[in-house]
Amino acid sequence: MILFTISIVVLAVILIGVAVYAVMQKDLLFAVIATGIMSLILSVLFFLMQAPDVALTEAAIGIALTTIIFVITIRNTSRREDEVPILKESDASEMDDKQKAKI
Amino acid sequence: MENIDFNQILSIAIYGSAVGLILIGLYAVLMKKHLTKIIIGLSIIDAGIHLLFIAIGYISNGTSPIFSEKGISLVSEGTKMVDPVPQALVLTAIVIGFGVTAVALSLVIRLYRHHQTARIDQIKTLKW
Amino acid sequence: MVVSPVHFIAVPLLAAFLMPILAKVNKNLLRIVPGIVLTYLGYVSVVLMNRVATEGTIIEVLAGWSAPWGINLVYTPFTGFLATLMIAMSFLIWLYSFKFKKVDDEPALKYFILQLMLTTGSVGLVLTGDIFNFFVFMEIIALSSYALTAFYRDRNGAEAAFKYLLIGAFASTLFLLAIVLLYSQVGTLNMAEISVRMHDVPTSMKVSILVLFLVGIGIEAEMFPLNGWAPDAYSQAPSPVGVAFAALVVKAGVYGLVRITYTLFGIEGSGIGPFLIIMGGITLVMAEITALKQTSLKRMLAYSSIGQMGFVLIAFGIGTHEAVFGAIFLMFNHAIIKGLLFMSGSYLVYNTPNKEIKYLSGYGMKMPVISLFFSLGALAIVGLPPFAGFWSKLYILLAAADGALYGLIALILVVSIIEIVYYFRVVGRLYFGKPAEGSIMRKPTVGGMIAMSILAIAILVVGFYPDIITGYIDAAASSILNTDEYIKNALGAVNELTPVENIIQ
Amino acid sequence: MRKLLVLFLLAVIAFSLYKPLSTIEFGADRMGSIENPTTVGAYYLSKTPSELSVANVITAIVVNYRGFDTLGEVSVLFLAATGLGSILYRRRKEGEHSISISKPSSQLLQAGSKLIYPAILVLGAYVFIHGHLTPGGGFQGGAIIATGILLMMMSYKDFHLNHTVLTWIESLAGITFATIGIAGLIVGKTFLENFMPIGTLNDLFSGGIIPIIYIAVGFKVAAELAGVLDTLLSIKEK
């Protein structure tokens with residue numbers, strides 16, 4: 001019981017820490033990896049709480065697949081949260097004035 | 001050591017982290033400007049709710065709801081199994097959440113194609 | 001095999017899974033299959049509507065486990081009426097979009113699958129008697145609507161879809177949270193069973209669950225602070241999808257709101273009624289005033305649609321038999337009239353920049369039939385006699401008068417005047433504006449003309465002889481108001497397994 | 001300003017969640033007894049071994065008691081794959097090809113992936129074939145197979161999935177699921193009801209239609225997830 005409680009408390013603390021890191025991190029790739037770690041911890045917690053099926057699902061879908069589709073998205077969009085838009089010639093004409101003023 | 005209420009500690013840790021995840025995710029959804037970050041926030045909220053649901057189904061010293069070779073007799077001997085319903089529902093919810101995340105991310109890619117940016121404050125061309 | 005409510009879900013799903021293969025055999029099968037499926041479902045609807053009128057509520061047990069152990073489908077006069085309406089509207093949408101895309105284009109495959117799934121999701125949501133199953137169908141509706149909103153490959157479509165997705169995903173998360181809290185209290189997921197066990201739930205918990213549910217389903221029902229998605233989605237989605245939003249998605253949302261407030265929580269003496277009236281009133285006023293300011297036709301129609309849902313919420317909030325009767329009548333009217341307005345309106349603005357109203361001058365001469373349809377719809381929706389919209393508004397006003405809610409009557413009348421102003425602005429421009437030069441008209445397709453004619457005839461027939469529909473609506477209103485009967489029917493066979501007094505504390 | 005407002009909102013939500021949650025005791029038995037079930041969970045635990053002969057109660061719930069949910073869930077994934085294709089669809093222009101410009105992966109990675117790829121597939125198949133006996137099932141097994149395919153897609157740039165085969169697998173698996181459900185209606189039982197002998201508990205061939213449905217779900221999920229990954233990975237890089 002003591003071991004169970006300690007491990008759950010430690011995992012819960014790490015869970016919150018990782019989630020905060022994922023939200024605060026400006027580099028999205030690191031943020032996504034943090035969410036992957038969050039899923040990993042979640043999966044362990046599910047296992048500890050006698051839910052092996054859910055743990056397996058979270059492991060296969062949450063850790064592997066969700067992370068990878070996030071990574072693919074970041075590869076196809078921008079990596080920094082505070083990115084500066086890259087403008088192509090063709091798009092420049094379609095910008096509104098506010099956006100033009102920013103650059 | 002005897003008078004430590006383990007259940008109290010556990011409930012604070014589990015419920016606290018579940019609610020914490022929900023709040024952190026909400027913060028990201030409401031405050032962050034980058035589309036990918038907002039989707040990350042949504043999946044953090046989802047994670048919190050899944051954790052909460054599993055915790056609600058958990059029974060102290062319970063076993064997982066799978067009958068082993070001599071499993072059937074375990075029931076009558078008084079060993080408890082945890083509630084299987086939340087687990088089945090969370091399994092469904094995780095898969096559905098993946099579907100929603102995939103569609104959301106594909107829309108992010110689409111928006112990036114059109115605007116060359118994924119920041120919400122720079123692509124609001126539609127009126128509210 | 002006897003027809004039963006599960007055909008509404010199993011058959012279209014089977015067809016949707018089959019369609020990718022069929023597309024490889026012959027592309028033309030793609031647009032024919034949904035029509036066949038919907039025709040069959042229309043037949044099922046007719047059979048079941050007759051059966052429900054003579055024998056009462058039909059309960060379909062799934063997987064051999066009767067409620068509350070398994071999932072069941074509950075075909076009451078109310079849910080049956082809505083399901084029939086949705087199937088009929090889906091069939092008309094299918095006719096309207098028959099030539100929507102060239103079938104050798106790959107997205108055509110996806111379009112027809114997504115539309116079919118949208119119908120399945122809406123009908124399934126209405127028929128299911130299980131709260132988690134309800135959530136699953138909500139997600140089916142949501143995902144197909146996101147994809148359909150972003151169907152055109154322009155930037156605005158993607159943006160509208162993303163906005164819809166953010167609000168929708170957020171809402172469904174809250175809905176799931178509500179289910180979690182509810183399950184912890186009642187230990188069951190069947191709606192009838194929940195309703196029985198709800199009495200023992202502490203009030204603070206009840207309030208939290210109710211708020212979460214209302215936010216979760218209020219999105220689809222276009223309730224006030226949560227309807228930011230609607231104007232963009234309506235105006236950016238392909239026009240058949242706009243019709244589908246008005247006729248299927250919103251109806252499913254309102255149904256969910258009503259089922260949750262009426263059956264799960266009980267409308268009497270819980271303060272939910274006044275709350276619905278206030279939310280409906282705010283929704284109505286905000287939407288109609290915003291509609292007045294719109295310059296784009298589709299956005300104007302979208303705000304008008306939100307306003308109508310405000311009316312429906314008010315009527316359901318009053319909660320008397322007469323009010324509920326008016327509300328269901330209005331749901332029916334809104335489906336057929338908004339359907340006609342969207343279909344004809346999208347032909348009118350097909351070639352105008354930004355779908356703006358100001359370019360529509362003199363279209364009454366250029367597109368006489370379409371303009372006539374649009375004007376008919378406009379006359380009907382503002383509630384002028386002798387069209388269909390008149391009766392529903394009349395019943396709601398009478399119900400408000402019965403409850404001595406004179407402020408509400410004044411509000412409805414003022415709002416009606418606003419409605420008349422903005423609809424007649426368009427109609428006036430159609431007929432009395434100076435024709436602009438050189439605009440190319442879009443020739444309506446045969447399917448589109450048939451669909452619009454059917455809707456126009458329906459509006460006229462219901463306007464002149466409301467009796468042909470009031471019988472069904474009356475039965476529907478009685479069935480939604482009678483929670484005890486719902487519980488008795490849904491749980492009927494298994495009551496010896498769940499003694500009500502044996503509820504966990 | 002906005003930050004303050006949001007933090008205030010979060011505090012309100014935290015408080016309104018704290019109150020109801022404080023009434024739910026952690027680890028308490030809310031199910032009632034197995035012998036006289038008052039909640040659905042206890043009922044499932046009491047009925048599953050005798051009436052369905054399925055060792056894993058979660059599988060019994062997912063595939064049988066709430067099998068209708070699973071049909072909906074599979075449709076959600078199907079919709080996600082369809083919607084993704086529709087959202088990201090782009091007409092191929094002349095002279096445009098989808099070969100990505102990133103550099104090829106190392107020899108070590110390629111050899112390693114080739115080695116463990118069959119093992120992952122076998123593991124996935126094992127997980128969904130034994131879904132009614134051990135933890136796991138169609139969704140988990142399908143997802144595992146999809147990760148195996150993903151590994152190959154990432155280490156071999158010219159590893160391409162055959163879309164026709166994928167479509168056929170996906171459609172046939174979905175049709176199997178729906179047809180088994182309708183078969184229940186045809187033999188005079190209810191939709192998705194078990195109509196096959198249930199066998200003995202903990203046997204591979206037990207549980208009636210449950211393993212068949214879960215295997216179909218496994219194939220469908222694997223094909224759908226692989227389709228999603230393939231659509232996303234074949235986006236032309238900017």
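Chain A and chain C do not touch in this predicted model; their nearest C-alpha atoms are 11 Å apart. Elsewhere, five pairs of chains are in contact, and among these pairs chains C and D share the most contacts.

Let's look at chain A by itself before turning to its neighbour. Chain A has five helices and zero strands, so its elements read α-α-α-α-α from the N terminus on. Of its 103 residues, 43% count as buried. If you take the contacts in chain A with a separation of 6 or more, 53% of them join residues 24 or more positions apart.

Now bring in chain B. The contact between these two chains takes 47 residues from chain A and 46 residues from chain B. On the side of chain A, the elements that give two or more residues are helix H1 (2-24), helix H2 (28-48) and helix H3 (52-76). H3(A) gives the most, with 14 residues. Sorted by class, this side of chain A has 29 nonpolar, 11 polar and seven charged residues.

Which helix of chain B should you look at alongside H3(A)? It is H4(B): the two helices pack at an angle of about 5 degrees, with their axes 10 Å apart. Because angles under 35 degrees count as roughly parallel, H3(A) is roughly parallel to H4(B). From H3(A), the residues in this contact include Val54(A), Ile61(A), Leu65(A), Ile69(A) and Phe70(A). Those from H4(B) include Leu91(B), Ile94(B), Phe98(B), Leu105(B) and Tyr112(B). The residues of this helix pair divide into 15 nonpolar, seven polar and two charged.

H4(B), which spans residues 84-115, also packs against helix H3 (residues 57-65) of chain D. Here the angle is about 55 degrees, and the axes are 9 Å apart. That angle makes H4(B) oblique to H3(D), and the crossing is right-handed. Pro84(B), Val85(B), Gln87(B), Ala88(B) and Leu91(B) meet Val57(D), Ile58(D), Ile61(D) and Val62(D). By class, eight of these residues are nonpolar, one is polar and none is charged. Notice that Gln87(B) and Leu91(B) take part in the contact with H3(D), and that Gln87(B) and Leu91(B) are also listed in the contact with H3(A).

From chain D, we can move on to chain C. Their contact takes 47 residues from chain D and 48 residues from chain C. Helix H1 (2-22), helix H2 (40-52), H3, helix H4 (67-88) and helix H7 (163-186) of chain D each supply at least two residues of the side that touches chain C. Which of them gives the most? That is H4(D), with 15 residues. The classes on this side of chain D come to 20 nonpolar, 20 polar and seven charged residues.

Finally, turn to the nonpolar core. The largest one holds 369 residues, and those touching the most other members are Ala55(B), Val103(B), Leu107(B), Phe175(C), Ala315(C) and Ile459(C). Helix H6 (residues 155-186) of chain C brings the largest share of this core, 21 residues. To see one of the well-connected members up close, centre your view on Ile459(C). Leaving aside residues up to four places away in sequence, Ile459(C) touches Ile336(C), Ile337(C), Leu340(C), Leu376(C), Ala380(C), Phe387(C) and Ala388(C).

Note on methods: Residues are numbered from 1 along each chain as its sequence is written. Chains are lettered from A and ligands numbered from 1 in the order in which they are written. This is a predicted model: local features need pLDDT of at least 70, side-chain atom pairs count only at pLDDT 80 or more; totals for chains, interfaces and linings use all residues. Two residues are in contact if their C-beta atoms, placed from the backbone, lie within 7 Å. Axes are lines fitted to C-alpha atoms, for helices over the stretch in contact, and angles run from 0 to 180 degrees between N-to-C directions. Helices (H or I, at least four residues) and strands (E, at least two) are DSSP runs, numbered from the N terminus. Angles under 35 degrees count as roughly parallel, over 145 as roughly antiparallel, 65 to 115 as roughly perpendicular and the rest as oblique. A crossing is left-handed if the near helix is turned anticlockwise from the far one by less than a right angle, and right-handed if clockwise. Ala, Val, Leu, Ile, Met, Phe, Trp, Tyr, Cys and Pro count as nonpolar, Asp, Glu, Lys and Arg as charged, and the others, Gly among them, as polar. A residue is buried if 20 or more other C-beta atoms lie within 10 Å of its own, exposed if 12 or fewer, and partly exposed in between; C-beta atoms are placed from the backbone. A nonpolar core is a set of buried Ala, Val, Leu, Ile, Met, Phe, Trp, Tyr and Cys residues joined through C-beta atoms within 7 Å.
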